[in-house]
Amino acid sequence: MAPHLLSFVVVVVISAAASVRGSSACPTLDRDALLAFRSALSEKHLGILSSWTGDDCCSQWYGVSCDPTTGRVADISLRGESEDPIIPRSGRSRGLMYGRISPEICHLDRVTTLILADWKQISGPIPPCLASLSFLRILDLVGNRLSGPIPNDIGNLSRLTVLNLANNQISGSIPTSLPALSSLMHLDLSNNQISGPIPGDFGNLRMLSRALLSRNRISGSIPSAVGHMTRLADLDLAQNRISGEIPGSLGSVPVLSSLYLDSNRLTGQIPTALLSSRGLGILNLSWNAMEGEIPDVFRYHSYYTALDLSYNQLRGPVPKTLVTAAFVGHLDLSHNHLCGPIPTGSPFDHLEAASFAANDCLCGGPLPACK
């Protein structure tokens, strides 16, 4: 090989090696933001944050990864409960982390995933500046002790697909900007202290598949526009303070498979369209103040793994069309004002008396025979 060609090859190899080294060392601004984030946290048992040293934060720092094209920090994924070998090696079933979420994390303006989940002891507020991270797709802060409100400008995160803030101590109301999250598919705000109404334009979340808002202090009515969310499969509003009637439009949501509205203050009649829905498999309306008769509209395609209408003010007979349903697993009609003979045949031939207890005058198997 000619000397000048050999020199050229050596220069290219050295330059390539330098490029690889440079791509693995995240920018100083990103590294400083990560170090500030780490300084506000304390984890004594697993030692995962002890790996956050040196310049190579893109491949050597636990839970951190970078975009291979830009070299910028793209993902932070730290879970206190996971199958990662680091947890069983520590002799623990889960990790505990103390401290707070430093606003310095918002300097990572190219981050797409921020997971700081199930650490039990991380407290303080959610930094409002998180709403400025325009590339964020996943925000998962479940299972901590975070308090204060959801950032008002959360709706600015147009790329967000997952928002999980469950099992914290978050208070305040659902931000009016939240329905602007046009890409959101999974929303979990359950088991917090959130109060106030569901935004009236909640139905604008047209990509949403799961809306889990149970065990809060949410009040007001269920917006009728929720019935226009064509991708909604699971809606859980149980154990809140929701009042008013159930929108009949919920019965026309094409893929709705589970609906939990139990332990609220709902009134009015059960919408006919709800019980005749083709896809609904779990329906829990227990512990409300529903009135009127149970619509006798079950069909051959009705397939309920669980149907709970207990602890209401329902009257009239047990629907005879339940015997035509394809399947009814768990059925609970107890603690109402139902009256008359219980129909014979499936599913009634495998149900226990508890399913019909504390009604006005029901009779027939599995209850005492009608007189």
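The buried residues of helix α2 are Asp30, Ala33, Leu34, Ala36 and Phe37. Together they cover an arc of only 160° around the axis, which puts them on the same side of α2. This description rests on a predicted model. The structure also contains an open sheet of 4 strands, an open sheet of 5 strands and 5 disulfides.

**Helix α2**

- Helix α2 comprises 12 residues, 28-39, and at 1.5 Å a residue these should span 16 Å; the end C-alpha atoms are 16 Å apart, which agrees.
- The buried residues of α2 pack against four strands: β1 (41-42), β2 (64-66), β3 (73-79) and β5 (113-117).
- Thr28 and Ser39 are exposed on the other side of α2.

**The parallel sheet**

- The strand order in the sheet of 4 strands is β12-β14-β16-β18, and the pairing is parallel.
- The edges are occupied by β12 (195-197) and β18 (265-266); each has a single partner strand, so one side of each is left without a neighbour in the sheet.
- Strand β12 runs parallel to β14 (residues 217-220), and 3 bridges join the two.
- Within this pair of strands, Ser195 stands opposite Arg217 in β14.

**The mixed sheet**

- The sheet of 5 strands is also open; its order is β1-β4-β6-β8-β10, and its pairing is mixed.
- Strands β1 and β10 (169-170) form the edges of this sheet, each pairing on one side only.
- Strands β6 (residues 120-125) and β8 (residues 145-148) run parallel and are joined by 3 bridges.
- Ser123 stands opposite Arg145 in β8.
- Strand β1 of this sheet is also among the elements against which the buried residues of α2 pack.

**Disulfides**

- Counted along the chain, the bonded cysteines follow the pattern 1-2, 3-4, 5-6, 7-8, 9-10.
- Cys26 and Cys57 form one of the disulfides, with sulfur atoms 1.9 Å apart. This pair links distant parts of the chain, 31 residues apart: Cys26 lies in the loop between α1 (3-24) and α2, and Cys57 in the loop between β1 and β2.
- Both partners of that link are buried: Cys26 has a relative accessible area of 7%, and Cys57 has a relative accessibility of 0%.
- Cys58 is joined to Cys66 by a disulfide with an S to S distance of 2.1 Å. The torsion about this S-S bond is about -80°, so the disulfide of Cys58 and Cys66 is left-handed.
- Cys58 counts as buried at 14% relative accessibility, and Cys66 is buried with a relative accessible area of 17%.
- A further disulfide joins Cys339 to Cys361, with an S to S distance of 1.5 Å. The link of Cys339 and Cys361 is left-handed, with -110° about the S-S bond.
- Cys339 in strand β23 and Cys361 in strand β24 are 22 residues apart, and their pair links distant parts of the chain.
- Cys339 counts as partly exposed at 30% relative accessibility, as does Cys361 at 35%.

**The loop between β23 and β24**

- Thr344 lies in the loop between β23 (337-341) and β24 (361-363), the two strands that hold Cys339 and Cys361.
- Thr344 is exposed, with a relative accessible area of 71%.
- Thr344 and Val323 are 21 residues apart in sequence, and their C-alpha atoms are 7.7 Å apart in space.

Methods: Residues numbered from 1 in each chain as written. Predicted model: local features only at pLDDT ≥ 70, side-chain atom pairs only at ≥ 80, totals over all residues. Heavy atoms only, no water. Expected span 1.5 Å × (residues − 1). Buried < 20%, exposed > 50% of the residue type's maximum accessible area, 1.4 Å probe, protein only. Arc of directions from axis to C-beta. Contact = heavy atoms within 4.5 Å. Pairing = 2+ DSSP bridges. Disulfide = S-S within 2.5 Å.
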